[in-house]
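Biologist: I would like to go through this model feature by feature. Please give me the general idea where there is one, and then the case at hand.

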Amino acid sequence: AAENGLKGWLRYESLPCSSQCRRNLPSGIVALNATETSPVYVAGLELQEGLKDIYGSHAQITHSQCETDSVVVGTIDQYRQTCGRMDEPPELDEDGFWLSTSGQGVQILGQNERGALYGAFEYLSMLAQGNFSEVAYSTNPSAPVRWVNQWDNMDGSIERGYGGESIFFKDGGIVNDLSRAAQYARLLASIRINAVVVNNVNANATTLTPQNIEGLGRIADVFRPYGVQLGISLNFATPQILGGLSTYDPLNKCVIQWWTNVTAQIYKRVPDMAGYLVKADSEGEPGPETYNRTLAQGANLFAKALQPYGGIVMFRAFVYNQLNESNWKADRAKAAVDFFKPLDGKFEENVIVQIKYGPIDFQVREPTSPLFANLFHTNTALEVEVTQEYLGQQSHLLYLPPLWKTVMDFDLRVERQPSVVRDIYTGKRFNRKLGGSAAVVNVGTNATWLGSHLSMSNLYAYGRLAWDPTEDAQEILEDWIRLTFGLDNKVLQTLTRMSMESWPAYENYSGNLGIQTLTDILYTHYGPNPASQDNNGWGQWTRANHKTIGMDRTVSKGTGYTGQYPAEVAAIYENLDTTPDNLVLWFHHVNYTHRLHSGKTVIQHFYDAHYEGAVTAQTFLTQWESLEGKVDPERYEDIRRRLDYQTGHSIVWRDAIVNFYHNLSRIPDEMKRVGNH
Ligand code: GCW
C-alpha cells in the first residue's frame, strides 16, 4: 500500500488500449546504449516497464538495430552512428531532446543521454494520460541549473522537513541502503532536475571526512544512471573545525590548499560532482567576514577550487544581520542588495548567487527580491521552497506555483527595458551563461516523500517550471493530477479547483496585504502568532500598534527599500495610491482605517479575508469527500484526514488573527463577527 505514495506521479496505472492506442503502441524498444548504468539504458527499461504497466504490452529491448516500428531512444550522436544520418537534425542545447511520434515508430533523441531519458519520461507521461496525439518537437531547458536542495543533517534529522528522517544520512554518516535515494533520483529525472545538494546549508564540517566522502560517492553512484548529479553544502570553517588549521581565512594559503585538496579528493570519488552550495555569514554560520574578507572573496575560494573540474558554486544571497526595531530606518529586506550590489562583477564565472524569491523569507506574499535588478555581471538563480515551512508544513493544502509565478513573471523594468525575473535568472536578460533555479524540497523517509500526497504537486511543478518558467501553473497541475490520480474528470476538476484556491485561501486566513504570514517566527514557523513578529531583532516587523500598522519602506519617509528597485517599479511602490492592495502593508505604515483600492478599510479587509479564507478551506474537505470511491481508500483517507485538520486549523488561524487585531485596534467588525456584541 505504501507504494501508492512512493510512486508519486510515476504510477503508470493500467488504461484500456483503444484502437488508436493499438495502432500507435511501439512493438519494440531500441535503447542505443547497452551500458547498464547509463541514462539511455535506464530509459529503455523505463519504457518497457511503463508500456507493460499502462497498456499491458510487452516490448523487447534491443540495443543496436533501428527497427522502424519501435521506440528508439538515445543521443543524436548514437542515432547517427547506429541508424544513419538525419535529414534535418533538431537543434538541441545541453539536456534538450527531440520527441517524434508522427512518423513510423517513435524517436526520442537527446542532446546527451540525460536529455534522452527526459524524452522517455515525456513520452511515458503522454501514454499515462492516454494521449496518442502525433507530435514532433524539440525542447530545451531555460537554464542549465535545475537543482533541488535538501536541508538534511548528518544525524538524519531534516531542518524544516515534514516527511520524516533523511533518506541519505543517519548517525553522522551515509545510510547503507540507498534505495530511496535512487527512487528520488528517478522522480527528479522525470521532471528534469539535474542535481541534488544532499546536506543542509547549515552544514556540518564532518560532511567532508574521508569516510563521508566515500559515502557521498555511493549517493552519486545511485543518482548517476538517472542523470542526477551530487552537490554538497559546505561549512565555511571546515579547514579549522575538521582540518585542524588555526584559521579559515579565505585568502590564507593553507586554507586555499586545504580546499584544493579536499575538492580533489571529492572529484576522485565523484568525477561528475555538480558543485558546492554555501551559506556564509548568515544566521550564525561562519564566513569570510570574520577575516574582513568580502562575500565574493569567500565565494571565489570555492570557485577556484572547482574550476579544474567544471563545478559550480551556488552562493546564497540570504545574508542579513539582527536589527534594532526602534530604528525606523532599519530594514532586513534591504540586506541582500546592501551586501551583494557592491560585489557585482567580482565573482568568478562559475559562481551563481542563489536568491530567495522575496527579500525576507518565503512568506505567503512578498514583492520580488530587488537583488534580481541589481546584479548585471553576476550569475543568479531563483530559490523557492517546496517544503511548506511558513505555509502550513504539509498539513495545509497549498499549491505553490501561483505564488512563485508572482515573482517569475514580474517585470523589474531594469533601465526601462523589459526585465522579467525569469529572463534574469535564466541568464537571458544580462547575457549570463550560467543561471537557473533551486528548490528546497526536504523529502524524507515517509512513504509520501514530503509528508502529504497533495504536496507532491509542488515538487512536480517545480521541475516543470525550472525547465520552462513560462508554463501555465494550472496546466502543470492538471498533468500532475492525471498522472497521480488517474483520468476521471470529476477528480481532475475537483482537485484543480481545490489546489488553485489553496494559496489565496491560506493568504486570507494567515497574513494579508503584505504583512507577512503572521505565523510563529521564533520557533516553529507554524500556526498563528502575530505578536512574534515584533519586539525582536529578526526584522520581520509589522510595527502594529493601536492605530497603525505596516512597514514604511519608502524613500521619502521610510527605510528607503523602494529605492532598491529600478525607477519605474520604485515609483509604483513609493506611492501609497499606486501600491497594489496585496502589498500595501509591506511598503507603507497606515491607519487601520486606511481605505484600500478595494474600498474596504485595512482592518475590515483583515476581518473579511479571514472569514472568507476559512470558509474556502472548509469547502476543501467537502470537495474532497465528493471524490470518495474515485481514489483508492488509502490515499483518500489520508488526504481526508489532513483536510479535516485544515478545516479546524483555518478557524484557529482566523480567530487568532482577527481577535489579535480587534484587541489592538478596538475597531468593530462591520459584520459583527469579531469580539463581544
Ligand atoms: O527560513 C529560514 C529557516 C532556516 C533556514 C534559513 C535558510 C536552513 O528558518 O531553517 O536554514 O532560512 O534559508 O538558510
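Modeller: Let us begin with a helix and its surroundings. The model is predicted. The buried residues of H9 pack against helix H7 (210-223), helix H8 (238-241) and helix H10 (295-306).

Biologist: Which residues of H9 are buried?

Modeller: They are Val255, Trp258, Trp259, Thr263 and Ile266.

Biologist: How should I read the spacing of such a set?

Modeller: In general, an α-helix has 3.6 residues a turn, so residues three or four places apart point the same way. In H9, the buried residues lie within an arc of 125° when seen down the axis, so they line one face of the helix. The face turned away from that buried side carries the exposed residues Lys253, Ala264 and Lys268.

Biologist: What is the end-to-end reach of H9, and what is expected?

Modeller: H9 covers residues 253-269, 17 residues in total, and reaches 25 Å from its first C-alpha to its last. That is close to the 24 Å expected at 1.5 Å a residue.

Biologist: How does the span of H20 compare with what is expected?

Modeller: The 33 residues of H20 should span 48 Å at 1.5 Å a residue, and the end C-alpha atoms are 48 Å apart, which agrees.

Biologist: Which residues of H20 are buried, and what covers them?

Modeller: Among the buried residues are Ile639, Leu643, Trp653, Ile657 and Tyr661, and also Arg642 and Arg654. Their cover includes helix H16 (489-509) and helix H19 (602-625).

Biologist: Is histidine 649 of H20 buried or exposed?

Modeller: Neither class applies in full. Histidine 649, found in helix H20 (residues 633-665), counts as partly exposed because it has 19 C-beta neighbours inside 10 Å, and 20 would be needed for a buried residue. Histidine 649 and glycine 392 are 257 residues apart in sequence, but their C-alpha atoms are 9.7 Å apart in space.

Biologist: How many residues of H15 are buried?

Modeller: Of the 13 residues of H15, 10 are buried, so the helix is largely enclosed by the rest of the structure. The buried set includes Ile476, Leu477, Trp480, Ile481 and Phe485, together with Asp479 and Arg482. These buried residues pack against H5, helix H12 (401-408), helix H14 (456-467) and H16.

Biologist: What should I make of backbone phi values?

Modeller: Most residues other than glycine have a negative phi, and most peptide bonds are trans. Here, glycine 486, just after H15, takes a positive phi of about 95°. Arginine 666, just after H20, takes a positive phi of about 60°.

Biologist: Where do glutamate 283 and leucine 518 lie?

Modeller: Glutamate 283 is in the loop between strand E12 (275-278) and H10, and has a positive phi of about 50° although it is not a glycine. Leucine 518 is in the loop between H16 and strand E17 (548-549), and its phi is near 65°, also a positive value in a residue other than glycine.

Biologist: How do their C-beta neighbour counts classify glutamate 283 and leucine 518?

Modeller: Glutamate 283 counts as partly exposed, with 13 C-beta neighbours inside 10 Å. Leucine 518 has 27 and counts as buried.

Biologist: Which domains does the assignment give?

Modeller: The domain assignment gives domain 1 (3-139), domain 2 (145-484) and domain 3 (530-551 + 589-665). The centres of domain 1 and domain 2, taken over C-alpha atoms, are separated by 31 Å. Their contact takes 19 residues from domain 1 and 21 residues from domain 2.

Biologist: Which helices supply the side of domain 1 that touches domain 2?

Modeller: Helix H1 (3-6), helix H3 (39-55) and helix H5 (113-128) each supply at least two residues. The largest share, seven residues, comes from H5. By class, that side of domain 1 has nine nonpolar, six polar and four charged residues.

Biologist: What does glycine 5 touch?

Modeller: Glycine 5, found in helix H1, touches Ala447, Thr448, Trp449 and His453, leaving aside residues up to four places away in sequence. Glycine 5 is buried, with 21 other C-beta atoms within 10 Å.

Biologist: Which residues are around the ligand?

Modeller: They are Trp151, Glu159, Arg160, Val201, Asn202, Lys279, Phe318, Asp361, Phe362 and Glu389. By class, this shell has four nonpolar, one polar and five charged residues.

Technical notes: Residues are numbered from 1 along each chain as its sequence is written. This is a predicted model: local features need pLDDT of at least 70, side-chain atom pairs count only at pLDDT 80 or more; totals for chains, interfaces and linings use all residues. Domain bounds come from an automatic or database domain assignment. Two residues are in contact if their C-beta atoms, placed from the backbone, lie within 7 Å. Helices (H or I, at least four residues) and strands (E, at least two) are DSSP runs, numbered from the N terminus. Ala, Val, Leu, Ile, Met, Phe, Trp, Tyr, Cys and Pro count as nonpolar, Asp, Glu, Lys and Arg as charged, and the others, Gly among them, as polar. A residue is buried if 20 or more other C-beta atoms lie within 10 Å of its own, exposed if 12 or fewer, and partly exposed in between; C-beta atoms are placed from the backbone. The expected span of a helix is 1.5 Å times one less than its number of residues. The arc is that of the directions from the helix axis to the C-beta atoms. A residue is near a molecule or strand if its C-beta atom, placed from the backbone, lies within 6 Å of it.
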